[in-house]
Amino acid sequence: MQNTARPKGLKKIWREIKRPFRQTFGRHSTVPGRAKNVLEGMENIHERAANNPEHVESFCPICRKGSDKPFRPFGLTARSNALCPSCGSLERHRFFWLFFEETLKNWKKEGNGSLLHFAPEGFFKTRFEQVFGENYLSCDIVPGRAMKVIDITSICLGDETYDYVVCNHVLEHIPDDRQALSELYRVLKKGGVAFLAVPLKGEKTDEDLSITDPQERLKRFAQDDHVRFYGMDIKNRIEGVGFHVSVVNSNTVVPSECLRTVLGIMSDDILFVAEK
Ligand SMILES: [Zn+2]
């Protein structure tokens with residue numbers, strides 16, 4: 001479907017964004033550790049765009065719509081350049097998608113593989129359905145929010161049934177997150193990959209399961225239904241159930257600050273890529 005609102009020139013810019021990814025990842029690459037400098041070739045794209053009369057201020061890799069305005073502000077403290085007005089995605093979603101879509105090509109299983117998606121974000125749902133077709137299953141513990149009701153700590157699926165798991169901003173809600181992680185490990189096929197994102201602060205996880213008062217949780221864990229505030233040491237927890245974990249930093253995936261601005265991606269955003 002043609003999007004008539006898309007400024008001219010965007011197609012070309014998008015092509016240039018994609019090319020370095022394709023060239024960098026070898027056929028047999030498992031990527032994350034090798035994501036280094038992936039997008040170095042993108043360095044000057046924003047400058048080129050800026051010098052272009054068809055100036056592009058923002059470009060969303062999820063809905064692939066561009067604009068001559070930045071993304072909208074979003075959040076309690078109103079972060080600028082955050083919300084995509086077309087699909088509703090935020091910075092972390094665009095970072096995830098950029099990484100996921102491109103790495104997928106190199107991890108390609110038979111067909112496109114299969115994906116289990118926890119607490120599904122609407123804008124990903126459509127894209128995932130396009131990629132995985134009937135091998136896509138969304139799930140949530142709350143009925144009506146996804147295709148299947150699933151408790152992440154007791155997943156009602158067989159061992160080694162999925163190639164990929166996407167689980168963004170879920171674990172911080174789960175008291176027994178180690179049990180959840182070991183369930184994710186169990187349902188993944190050998191060689192399968194879980195993409196995990198959580199709110200992060202500092203190095204050490206701050207956790208106190210005895211805190212159940214929503215106001216206390218809000219104060220300490222930044223949201224009234226969070227049970228902890230993860231630090232970078234979550235990596236050990238993920239590895240603890242058997243995964244090999246790569247820490248992917250948005251600055252590594254998109255080294256150009258200018259380009260991160262165009263794509264509306266934060267500096268030092270972190271995605272954990274866990275391979276079985
Ligand atoms: Zn969008």
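Which strands does helix 5 (residues 177-187) lie across, and at about what angle does helix 5 run to strand 9? In this predicted model, helix 5 lies across strand 5, strand 8 (162-168) and strand 9 (188-197), and its direction makes an angle of about 140° with that of strand 9.

The protein chain comprises 276 residues, of which 37% are buried. Its secondary structure amounts to 9 helices and 13 strands. Among contacts in the chain with a separation of 6 or more, 63% link residues that are 24 or more positions apart.

Strands 5, 8 and 9, across which helix 5 lies, belong to an open sheet of 7 strands. The strand order of this sheet is 7-6-5-8-9-13-12, and its pairing is mixed. Its edges are formed by strand 7 and strand 12 (244-249), each of which pairs on one side only.

Strand 6 (residues 136-140) is mostly covered, with 4 of its 5 residues buried. In the sheet order, strand 6 stands between strand 7 and strand 5. Strand 5 (residues 115-118) pairs with strand 6 in the parallel sense, over 4 bridges. Within this pairing, L115 has Y136 of strand 6 as its bridge partner, and L116 is placed opposite L137 of strand 6. The connection from strand 5 to strand 6 passes through helix 4 (residues 122-132), giving a β-α-β crossover that is right-handed. Strand 6 is also joined to strand 7 (residues 148-149), by 2 bridges, and these two strands run parallel. In that pair, D140 stands opposite V149 of strand 7.

The nonpolar interior was examined next. In soluble globular proteins, nonpolar side chains tend to be buried together. The largest nonpolar core of the model contains 62 residues. The residues with the most contacts inside this core are V165, L184, A194, F195, L196 and L271. The elements described above contribute to this group: V165 falls in strand 8, L184 in helix 5, and A194, F195 and L196 in strand 9. Apart from its neighbours within four places in sequence, F195 is in contact with F96, F100, V165, V166, L271 and V273. Of these partners, V165 and L271 are themselves listed among the residues with the most contacts inside the core.

Definitions and conventions:
Residues numbered from 1 in each chain as written. Predicted model: local features only at pLDDT ≥ 70, side-chain atom pairs only at ≥ 80, totals over all residues. Buried ≥ 20, exposed ≤ 12 C-beta atoms within 10 Å, placed from the backbone. Contact = placed C-beta atoms within 7 Å. Pairing = 2+ DSSP bridges. Right-handed = clockwise from strand over helix to strand, strands pointing away. Axes fitted to C-alpha atoms, helices over the stretch in contact; angles between N-to-C directions. Core = buried A, V, L, I, M, F, W, Y, C linked by C-beta atoms within 7 Å.
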